[in-house]
Amino acid sequence: MGASRRYVFPEPGDTLATLAERVMPGQPDAAKTLLSWNLHLAMRPFPVGEPGEILCTDVVYLEPPTARAGA
Amino acid sequence: MLDLIIRNGRIVDGTGLPAYRGDVGVAGGRLVSVGRSLEHATAGRIIDAAGKVVSPGFIDPHTHYDAQMCFDPYLFPAIEHGVTSVVTGNCSLSLAPVRATQREDFSAMFRLIEEMPKAAFDTGVDWRWGESFGGMVEAVGKDIAANVAPLVGHSVLRLFVLGDNARRAATADEVARMCDVLRECLDAGAVGLSTSFIDIDPSMHPVPSRWAPHAELQALCAVLGEKGRMLQVVHEFFDAGLTVSRIEMMADLSRRYSIPTTLSPLFHNNTMPHAVTQVLEAVERAWASGARVWPQVQTRPIDISWTLAERSLMFLVIPGWWPVLSLNTHAEKMEAFTDPLTRGSLVAGLNLLADMPSSNLTLNPSSYVVRQVGSDRNRDLVGRTLGDIAVERGTTPSELLIDLSVEEDLQTWFMRADIGHDNAEAVGAMLAHPFVHVGASDGGAHVGSFATFGDTGHLFSQYVRKTHSLRLEDAVKKITLDTATIWGLDDRGVLKEGKAADICVFDADTIDRGPEVASDDFPGDAIRWIRRQVGVHSVIVNGVETWSAAEGYVAGARGGRMITR
C-alpha cells in the first residue's frame with residue numbers, strides 16, 4: 001500500500017531539531033523546513049513542553065503537502 | 001415450555017437478508033427457535049409483535065459508560081433505544097487496571113476528557129473491585145442490565161506500570177511489563193486496547209498514551225495479535241491529512257499483527273467535503289492491502305449545549321476561556337466574567353471563531369441559540385440566535401454571551417445545533433459505505449454538552465425512512481451482525497438458534513430518537529442531556545425482558561453480562 005505522504009515517528013528524546021538532523025542531514029535550516037511541512041506541530045493548542053519538543057506519537061511529515069486535484 | 005415467545009413479528013435477523021414473518025422462541029437466555037411457527041407452544045411471557053420488526057439487540061461500539069455502569073445498571077436511557085451491548089474503555093481510558101493511589105488522577109482525566117460531572121463520578125464510582133481488570137469485570141458483571149464488552153485503556157496501562165510519571169518513554173522492562181498486564185486483561189476478557197493521539201490531561205499535557213514510542217504500540221499490538229483482539233484509536237479527526245496517516249499506521253499494525261483496528265470519529269464537514277473522500281480512499285487502500293481498518297461514523301449531527309457555570313470542551317481551544325471556566329467556584333467565575341480586562345480577552349478569543357469559515361466545526365458565535373434562561377424576563381429570548389439578539393441590543397454576539405450569562409448568574413444555557421455532520425445525503429452515503437462501522441456515539445460521555453442516546457433510532461428515521469441511504473435490513477445489519485463480527489462478539493448480533501437472546505422489537509415506521517431534554521437523574525446537582533426512545537416496543541437482554549414501552553424499565557432485570565472473549 002503506497003503512503004500518500006511520507007512520515008516518521010520521533011524516537012525517544014527527539015526534538016524537532018534532532019529529528020531534522022537525522023532525516024535531512026546536511027541540509028541548511030532543516031528544522032525550519034521540517035516545521036513548515038508540519039504546521040500541526042507548530043499550531044497545536046497545547047504545547048507539549050519546550051519549543052521544538054515533540055512527542056513520539058507525533059506524525060512528522062518528511063515532505064510538503066501534496067496538491068489534490070479538485071481540492 | 002419456553003421462557004419467551006415473540007409472535008408474528010417481521011424478522012430482520014441481522015444478516016442483511018430480506019425480512020420475513022415468523023415467531024421467535026427463547027429459553028435459558030438463548031434463541032431456541034427463529035422463524036418457525038410457535039402457535040401451539042407455551043411460554044412464561046408472550047410478546048405480540050404483529051406489525052413490528054424483531055431484530056437482534058443493537059451493539060454500540062464506542063461508549064464511555066465506564067463510570068455510569070458503576071451506579072446505573074440500566075445505562076439509562078441507552079437500553080430503551082434497543083441497545084443491548086456496549087463497548088466501554090474507549091480512547092485510552094478504562095476504569096481498570098488503576099492503582100488505588102492513582103484514582104484521583106485518573107478520575108480527573110476521565111472527567112475532563114469525557115465531560116463527566118465530578119459529583120456524579122465521585123459518588124457513583126466506588127472502585128469496589130479494587131485495582132485489577134479482572135476484578136472490575138467480575139464486580140460490574142454482577143449487577144448490569146446490558147452486555148458490556150470492555151477495552152483496556154493505553155493511558156491507564158501506562159499509569160499502572162510507569163507510575164505517576166507516565167509522560168515519558170517506557171524502558172524495555174516497562175514495555176515488557178505493560179505487555180504482561182495487557183495479556184492479563186485480555187485473559188480476563190478485555191476485547192482489545194484503546195489509545196488516544198489527541199487527548200490532554202487536566203494539566204493540559206498530552207495523556208500518557210501520547211508519550212508512547214511507536215515501538216511500544218507495536219509491542220502491545222503484538223499481544224493483541226496473540227488473541228486477535230481490537231485496537232481502537234481516537235485520532236486527529238479534525239485533520240484529514242493526519243487521519244489518512246493514522247489509517248496507514250493502523251493498516252500496518254493490522255497487517256503486521258493480524259488484528260482488527262478501528263478509529264473514531266469520522267465526521268462529514270460541508271466546508272471540506274473532499275476530506276471524507278480522501279479518508280475513505282485511504283480506508284479502501286488499507287483494505288485492498290489486506291488490513292482491517294474500520295472508521296466509525298456516528299449517525300447524529302453535531303450539536304453542543306453549554307452554560308458558563310461549567311467548563312465545556314467547546315471552549316478548550318478558544319484563547320482565554322479554559323482557565324476561566326476551570327475556576328473552582330461560582331464566585332470566582334462571576335468575578336472573572338465581570339472583570340473588564342478578562343471580559344475583553346474572552347470576547348476577543350470568541351471573535352476569532354467568527355473569522356474561521358474553513359474551520360472543521362463552524363462555531364461562529366452569532367449562530368449560537370439561547371436554549372434555556374434563568375429568569376422569566378428573558379423567556380422571549382429562548383430559541384433566538386445571539387446574532388439576532390445582539391443586533392437588537394446594540395452589542396456583539398460574543399459580548400452578549402457573557403453579559404446575558406452574568407445577568408442570569410450563569411444559569412443561561414446556549415446551544416449550537418448542526419455544527420457539522422449534518423448533510424443528510426452525504427452522511428447517509430458514508431453510513432452505507434461497506435467499510436464504515438456505524439458507531440462513535442460516545443454514550444455516557446459529554447453529558448452536559450449533548451445527548452449521546454438515540455443514534456440507532458436516528459439511523460432508521462433519517463437514513464432508512466428519509467434519505468433511503470440504507471435498506472431497513474442493511475441498517476439493522478450495520479448495528480448488529482456487522483458490529484459483532486468486527487469485534488469478534490461471536491454469540492451476538494444475529495437472530496439464529498443457539499445464539500444469545502439479545503432482541504429489539506420496534507416499529508420500523510416510527511422508530512426514532514426523542515427530543516433532547518435535560519435530566520437531573522445523575523448523582524450530584526449537574527444536569528445532563530438525554531433523549532428517550534420513540535417507536536421501540538421491547539428490549540430483551542440475554543432472554544430477560546429489560547425494557548418495554550408498556551412497563552418501562554423492568555425492576556430487577558439484570559440480564560446483562562460482561563462479554564469476555
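Start at the interface of domain 1 and domain 2 of chain B, where the rule finds one salt bridge. Keep in mind as you go that this is a predicted model. To see the pair, select Arg371(B) and Glu516(B): these two form a salt bridge, with the closest N and O atoms 2.6 Å apart.

Next, switch on polar contacts between the two domains. The count is four residue pairs, with both residues at pLDDT 80 or more.

Now highlight the elements on the domain 1 side. Those giving two or more residues to the side that touches domain 2 are α2 (103–114) and β18 (512–519) of chain B. Colour this side by residue class and you should find 12 nonpolar, six polar and three charged residues.

Time to zoom out and colour chain B by domain. For domain 1, select 58–301 + 420–486 + 494–552; for domain 2, select 304–419. Place a marker at the centre of each, taken over C-alpha atoms, and the separation is 30 Å. The contact takes 21 residues from domain 1 of chain B and 18 residues from domain 2 of chain B.

Finally, turn on surfaces. About 1,600 Å² is buried between domain 1 and domain 2 of chain B, and carbon and sulfur atoms give 55% of that area. Which residues of domain 1 of chain B lose the most area to domain 2? Select Leu112(B), Gly420(B) and Trp529(B): together they account for 26% of what the domain 1 side buries.

Technical notes: Residues numbered from 1 in each chain as written. Chains lettered and ligands numbered in written order. Predicted model: local features only at pLDDT ≥ 70, side-chain atom pairs only at ≥ 80, totals over all residues. Heavy atoms only, no water. Domains from an automatic or database assignment. Contact = heavy atoms within 4.5 Å. Buried area = accessible area lost by both parts, 1.4 Å probe. Salt bridge = Lys/Arg side-chain N within 4 Å of Asp/Glu carboxyl O. Polar contact = N/O pair within 3.5 Å; in protein donor to acceptor, adjacent residues only side chain to side chain. Helix = DSSP H or I, 4+ residues; strand = E, 2+ residues; numbered from the N terminus. Nonpolar A, V, L, I, M, F, W, Y, C, P; charged D, E, K, R; others polar.
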